[in-house]
Amino acid sequence: MAAYRTVVVGTDGSDSSFAAVDRAAGVAGDSGATLVIVCAYYPANKGDVEKAQDVLGDEAYQVVGSAPAEDTLLSARDRAAKAGAKNIDTAAVVGDPVDSLRKVVADRSADLLVVGNRGLNTLAGRILGSVPSEVARKSGVDVLIVHTT
């Protein structure tokens, strides 16, 4: 089997997702692959933005829109570099995590998708579905589910 060329990993800033970033970075570093770190988010609506501006003033940008996703991606990029990844890209994507990950996998012609196992063993995950189980079913590429919990 040939080495992976493009590895995509999802993160939401949680410790669990950062463990997946660490593992993906190791795989990417070992195989010389590009690592693409993805954070899905939902844009804030106008009411949320106005409330944040009323409370936070000029600092409102830190909690609305894509700013939290961008901060998460910066932290994840730093972790990935320390874990051995050399060629690292990031993508903040508007939308549902599963759809966002699938889109980036397709857009980047990725051959490996890495996610943490959070949600796999919960009641809600079993009833409603979880990000790991959904991407494993729908991604169309190899999926590494990292045991993080």
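This talk walks through the fold, the cores and a few local features of the chain shown above.

Before I start, please keep in mind that this is a predicted model, in which local features need pLDDT of at least 70 and side-chain atom pairs count only at pLDDT 80 or more, while totals for chains, interfaces and linings use all residues. Residues are numbered from 1 along each chain as its sequence is written, and side-chain values use heavy atoms, with hydrogens and water left out.

Let me begin with the overall layout. The secondary structure of the protein chain comes to six helices and five strands, where helices (H or I, at least four residues) and strands (E, at least two) are DSSP runs numbered from the N terminus. Read from that end, the elements follow the order β-α-β-α-α-β-α-β-α-α-β. Of the 149 residues, 40% are buried, which is to say under 20% relative accessible area, with exposed meaning over 50% and partly exposed lying in between, for a 1.4 Å probe and protein chains only.

Now to the sheet. The five strands form an open sheet in the order S3-S2-S1-S4-S5, with parallel pairing; two strands are taken to pair if DSSP finds at least two bridges between them. Strand S3 (87-94) and strand S5 (142-146) stand at the edges with a single partner strand each, so one side of each has no neighbour in the sheet. From one strand to the next, the twist averages 25 degrees. S4 and S5 pair over five bridges, and Val-114 stands opposite Leu-144 in S5.

What packs across this sheet? Helix H1 lies across S1, S2, S4 and S5, and runs at about 175 degrees to S1; axes here are lines fitted to C-alpha atoms, for helices over the stretch in contact, and angles run from 0 to 180 degrees between N-to-C directions. Among the buried residues of H1 are Phe-18, Val-21, Ala-24, Ala-25 and Ala-28. H1 is followed by Gly-32, whose phi is positive, near 70 degrees.

That brings me to the interior. The largest nonpolar core, a set of buried Ala, Val, Leu, Ile, Met, Phe, Trp, Tyr and Cys residues joined through side-chain atoms within 4.5 Å, has 23 residues, and those with the most contacts inside it include Val-7, Leu-35, Ala-80 and Val-114. Strand S1 (6-10), H1 (15-31), strand S2 (34-41), helix H3 (67-82) and strand S4 (112-116) each supply at least two of its residues, and the largest share, six residues, comes from H1. A second, separate core of 13 residues includes Val-8, Ala-91, Val-104 and Val-115. Leu-35, leaving out residues up to four places away in sequence, touches ten residues' worth of surroundings that include Val-9, Ala-24, Ala-85 and Ile-88, with contact meaning heavy atoms within 4.5 Å.Finally, two local features. Tyr-42 lies in the loop between S2 and helix H2 (46-56), and at 58% relative accessibility it counts as exposed. Leaving aside its neighbours within four places in sequence, Tyr-42 is in contact with Gly-95, Asp-96 and Pro-97. In helix H6 (residues 131-138), Pro-132, Ser-133, Glu-134 and Val-135 are buried, and the buried residues of H6 pack against helix H4 (97-107), S4 and S5. Just after H6, Gly-140 takes a positive phi of about 80 degrees.
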